[in-house]
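Reader: I'm new to this and I keep tripping over the labels people use. Could we go through a few and see what backs them up?

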Amino acid sequence: MANGMSEPENITQHNEELHAQLRLFCHLMLGSADAADRVMRQIYHRALDHQDDQQHRQSARVRLFSIAADLCGARGHSSHE
């Protein structure tokens with residue numbers, strides 16, 4: 001790779017950055033680090049439960065942020081009505 005990182009290191013760094021971004025999003029939406037931590041577990045659990053359903057339609061980043069938005073209430077009630 002041109003940047004000197006091996007592929008597994010690059011993937012790990014990407015995953016850590018994505019996790020940090022998701023946690024920050026949840027913390028800002030919910031106003032609490034504890035609530036963000038609880039929602040983070042739910043996000044990953046829900047993503048695993050629905051991995052096969054949406055695997056080809058959305059990137060992992062889009063799928064995880066979509067789940068986070070639903071769990072944090074960012075989408076309001078329109079998607080559930």
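Author: Sure, starting with a cut-off: a polar contact is a pair of N or O atoms within 3.5 Å. Keep in mind that this is a predicted model.

Reader: OK, so what makes Ser-32 a cap for the N-terminal end of α2?

Author: A side-chain oxygen of Ser-32 lies 3.3 Å from the backbone nitrogen of Asp-34. The cut-off is within 3.5 Å, so this O and N pair fits it.

Reader: How do you know that the span of helix α2 agrees with what it should be?

Author: Helix α2 runs over residues 33-49, which makes 17 residues. The expected span is 1.5 Å times one less than that number, so α2 should cover 24 Å, and its end C-alpha atoms are indeed 24 Å apart.

Reader: Which residues of α2 are called buried?

Author: Ala-35, Ala-36, Val-39, Met-40, Ile-43 and Ala-47. Buried here means under 20% relative accessible area.

Reader: And why say that they line one face of the helix?

Author: Look down the axis of α2: the buried residues fall within an arc of 140 degrees, so they sit along one face. The face turned away from that buried side carries Asp-34, Arg-41, His-45 and Leu-48, which are exposed, meaning over 50%.

Reader: What is the secondary structure of the chain as a whole?

Author: Four helices and zero strands, giving the pattern α-α-α-α along the sequence. Of its 81 residues, 20% count as buried.

Definitions and conventions. Residues are numbered from 1 along each chain as its sequence is written. This is a predicted model: local features need pLDDT of at least 70, side-chain atom pairs count only at pLDDT 80 or more; totals for chains, interfaces and linings use all residues. Side-chain values use heavy atoms; hydrogens and water are left out. Helices (H or I, at least four residues) and strands (E, at least two) are DSSP runs, numbered from the N terminus. Buried means under 20% relative accessible area, exposed over 50%, partly exposed in between (1.4 Å probe, protein chains only). The arc is that of the directions from the helix axis to the C-beta atoms. A polar contact is a pair of N or O atoms within 3.5 Å; within protein, one must be able to donate a hydrogen and the other to accept it, and residues adjacent in sequence count only if both atoms are side-chain atoms.
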